[in-house]
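Okay, thanks for coming, everyone. I'll put the structure up and then talk you through it, so grab a seat.

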Amino acid sequence: MAIMKDSGGGNDIQWCFSQVKGAVDDDVAEADIISTVEFNHSGELLATGDKGGRVVIFQQEQENKIQSHSRGEYNVYSTFQSHEPEFDYLKSLEIEEKINKIRWLPQKNAAQFLLSTNDKTIKLWKISERDKRPEGYNLKEEDGRYRDPTTVTTLRVPVFRPMDLMVEASPRRIFANAHTYHINSISINSDYETYLSADDLRINLWHLEITDRSFNIVDIKPANMEELTEVITAAEFHPNSCNTFVYSSSKGTIRLCDMRASALCDRHSKLFEEPEDPSNRSFFSEIISSISDVKFSHSGRYMMTRDYLSVKIWDLNMENRPVETYQVHEYLRSKLCSLYENDCIFDKFECCWNGSDSVVMTGSYNNFFRMFDRNTKRDITLEASRENNKPRTVLKPRKVCASGKRKKDEISVDSLDFNKKILHTAWHPKENIIAVATTNNLYIFQDKGN
Amino acid sequence: EDTQEKEGILPERAEEAKLRAKYPSLGQKPGGSDFLMKTLQQGQKYFDSGDYSMAKAKMKNKQLPSTGPDKNLVTGDHIPTPQGLPQRKSSLITSKLVG
């Protein structure tokens with residue numbers, strides 16, 4: 001049998017550097033820390049949110065048939081300040097402007113809509129293009145000043161003339177004051193009319209048109225806070241069933257709820273939990289089992305969860321264990337003490353599916369990110385680094401040496417930079433194009449074969 | 001019993017032993033419960049004129065009301081003063097991703 005060169009995380013994808021956005025210098029301003037990355041439904045637009053409350057949207061260039069290299073590049077399309085720092089005077093608390101999540105609405109007309117949220121407030125933004133303007137008013141000069149009506153001797157009909165493209169973002173709805181705790185997730189329903197927002201203890205259902213009311217659908221706050229044992233860490237609507245959603249917890253469980261069953265979905269329809277061998281239990285067990293992200297597959301048949309050390313794929317038809325488990329960085333198990341001391345053990349990594357649900361991706365430390373091919377069972381570790389930034393050069397796979405003799409080109413666990421974390425990644429819904437966020441830079445990689 | 005053996009085999013247990021050696025006051029609670037309370041606590045407490053006046057008045061002889069069930073919450077070890085507050089930031093600068 002020929003020995004296959006490790007050619008990529010799946011289906012012989014060869015990942016190449018395409019673009020990198022952001023400052024080069026190592027001194028990272030807090031506001032520039034990227035906090036969310038999301039492609040829209042067509043993949044034409046790519047949105048990022050940062051700790052400074054800003055959203056930047058990139059648009060893919062139309063494919064240039066003359067230059068046959070790769071798919072179009074992503075260039076800045078629009079940028080706006082989504083959230084500002086606020087102050088809750090009643091509780092003397094500052095409300096961070098950091099954008100926790102962005103979710104796109106499917107496109108219904110010429111404009112694009114997205115939901116962006118910080119810890120407390122969700123906003124619906126409309127992004128629209130203006131490429132013509134009316135000219136030839138009778139009562140106004142071109143610069144807007146009003147003409148003296150006595151000088152008007154003829155009438156003309158104003159006409160639209162082309163102008164330089166202007167992209168405008170305007171807030172259309174503000175959904176506020178519904179969350180006592182910090183919002184960690186928003187998810188748009190497949191009915192395209194409603195969406196959910198989840199904080200540590202509650203999940204609310206909103207109608208996109210109605211801002212002064214929301215419906216509480218999950219409430220896990222105990223009467224006595226001392227009895228609190230777990231919090232909600234993520235929530236998502238099923239991609240096809242508008243009555244179904246899931247939420248994950250800090251104890252490693254996922255609950256699937258059906259809104260048809262009752263108004264308050266405190267009782268789950270399904271509980272997904274992998275049984276744990278009690279003899280393996282340690283101080284760290286609960287912390288590392290906390291689920292930091294949950295994502296349905298595009299098909300809706302599976303869901304993926306990310307805990308500190310692994311990615312698990314669950315079949316919605318089987319509650320008692322995941323069908324697949326992939327180790328992201330198992331070598332960290334023997335470093336848990338120091339990872340607890342430097343708080344890294346609490347890092348919340350996200351995960352994502354490719355368009356065909358055959359490959360999953362998640363981030364790690366040292367600006368490494370990992371991909372797992374569900375069919376071939378091959379996995380790959382790649383690095384987001386400016387050192388590899390020659391377009392069309394295939395990225396070299398990385399390998400971490402857990403212990404023992406380090407081979408050439410391997411990196412030892414102790415040399416990993418735990419400040420360089422890749423928490424947010426996104427996969428184009430149709431193409432092999434991925435967006436990977438390091439602390440303050442956004443990398444775009446493409447399949448060489450594109 | 002093979003628990004001792006397990007400590008050698010299970011890297012997690014070895015790490016736990018390391019942690020407990022460093023922080024003997026860690027207690028018997030599983031890791032995560034203190035973090036839960038910290039997670040829910042809604043951000044930094046800022047300047048509160050009521051707290052400030054109380055502290056300034058130095059209520060030495062009066063017993064302050066007991067802290068009750070909230071005593072596990074991290075509230076900081078001093079009352080903020082206007083001079084000590086970090087400046088409120090505003091990010092009207094364009095993101096460097098645009099540059």
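I'll go from the smaller chain-level picture to the interface, then to a few salt bridges and two single residues. One thing up front: this is a predicted model.

Let's start with chain B. There are 4 helices and 0 strands in it, so if you read the elements from the N terminus you get α-α-α-α. Of the 99 residues in chain B, 19% are buried. The exposed area of chain B comes to about 7,700 Å², and 55% of that is supplied by carbon and sulfur atoms.

Now, the interface with chain A. How many residues does each chain bring to the contact? It's 62 from chain A and 41 from chain B. Together they bury about 4,300 Å², with carbon and sulfur atoms giving 57% of that area. On the polar side, there are 13 residue pairs in polar contact across the interface, both partners at pLDDT 80 or more.

Which parts of chain A do the touching? Quite a list: strand 3 (45–50), strand 4 (54–60), strand 5 (74–81), strand 6 (86–88) and strand 7 (93–95), plus helix 1 (285–289) and helix 2 (336–341), each supply at least two residues to the side that meets chain B. Helix 2 of chain A gives the most, with 5 residues. And if you sort that side of chain A by class, you find 25 nonpolar, 18 polar and 19 charged residues.

Okay, salt bridges. The count over all chains is 34, and 3 salt bridges cross the interface of chain A and chain B. The background here is simple: side chains of opposite charge can pair when their charged atoms come close.

The cross-chain one I'd like you to look at is A:Arg333 with B:Glu12, where the closest N and O atoms are 2.3 Å apart. A:Arg333 sits in the loop between strand 23 (324–327) and helix 2 of chain A, and B:Glu12 is in helix 2 (residues 11–22) of chain B. Buried or exposed, those two? Both A:Arg333 and B:Glu12 are buried. While we're on links between the chains, there's also a network of salt bridges that joins A:Asp32, A:Asp50, A:Arg54 and B:Lys96.

Two more pairs, this time inside chain A. A:Asp315 and A:Arg301 meet in a salt bridge at 2.6 Å, N to O. A:Asp315 is in strand 22 (residues 310–315) and A:Arg301 is in the loop between strand 20 (293–296) and strand 21 (302–306), so this pair ties together parts of chain A that are 14 residues apart in sequence. The partners sit in unlike surroundings: A:Asp315 is buried, with a relative accessible area of 9%, whereas A:Arg301 comes out at 41% and counts as partly exposed.

The other pair is A:Asp258 with A:Arg260, closest N and O atoms 2.7 Å apart. Why does A:Asp258 count as buried? Because its relative accessibility is 16%, and the cut-off for buried is under 20%. A:Arg260, on the other hand, is exposed, with 63%.

Next, a loop residue: A:Asn118. You'll find it in the loop between strand 9 (112–117) and strand 10 (122–135) of chain A. It's in a loop, but A:Asn118 is buried, with a relative accessible area of 0%. What does the side chain of A:Asn118 reach? One target is the backbone nitrogen of A:Thr121, at 2.8 Å. A polar atom of that same side chain also lies 3.0 Å from the backbone nitrogen of A:Lys120. Beyond its neighbours within four places in sequence, A:Asn118 is in contact with A:His83, A:Ile95, A:Glu96, A:Glu97, A:Lys98, A:Asn100 and A:Ile183.

Last stop, A:Phe296, in strand 20 of chain A. A:Phe296 is buried, with a relative accessible area of 7%. What does A:Phe296 touch, not counting residues up to four places away in sequence? Among them are A:Phe237, A:Pro239, A:Val246, A:Met303, A:Leu316 and A:Trp353; A:Glu236, A:His238 and A:Tyr302 are in there too. And for a sense of scale, A:Phe296 and A:Ser415 are 119 residues apart in sequence and 35 Å apart in space, C-alpha to C-alpha.

That's my tour, happy to go back to any of it.

Technical notes: Residues are numbered from 1 along each chain as its sequence is written. Chains are lettered from A and ligands numbered from 1 in the order in which they are written. This is a predicted model: local features need pLDDT of at least 70, side-chain atom pairs count only at pLDDT 80 or more; totals for chains, interfaces and linings use all residues. Side-chain values use heavy atoms; hydrogens and water are left out. Buried means under 20% relative accessible area, exposed over 50%, partly exposed in between (1.4 Å probe, protein chains only). A polar contact is a pair of N or O atoms within 3.5 Å; within protein, one must be able to donate a hydrogen and the other to accept it, and residues adjacent in sequence count only if both atoms are side-chain atoms. Contact means heavy atoms within 4.5 Å. Accessible areas come from the Shrake-Rupley method with a 1.4 Å probe; for residues, only the protein chains shown count as cover. Buried area is the accessible area (1.4 Å probe) that two parts lose on being put together, summed over both. A salt bridge is a side-chain nitrogen of Lys or Arg within 4 Å of a carboxyl oxygen of Asp or Glu. Ala, Val, Leu, Ile, Met, Phe, Trp, Tyr, Cys and Pro count as nonpolar, Asp, Glu, Lys and Arg as charged, and the others, Gly among them, as polar.
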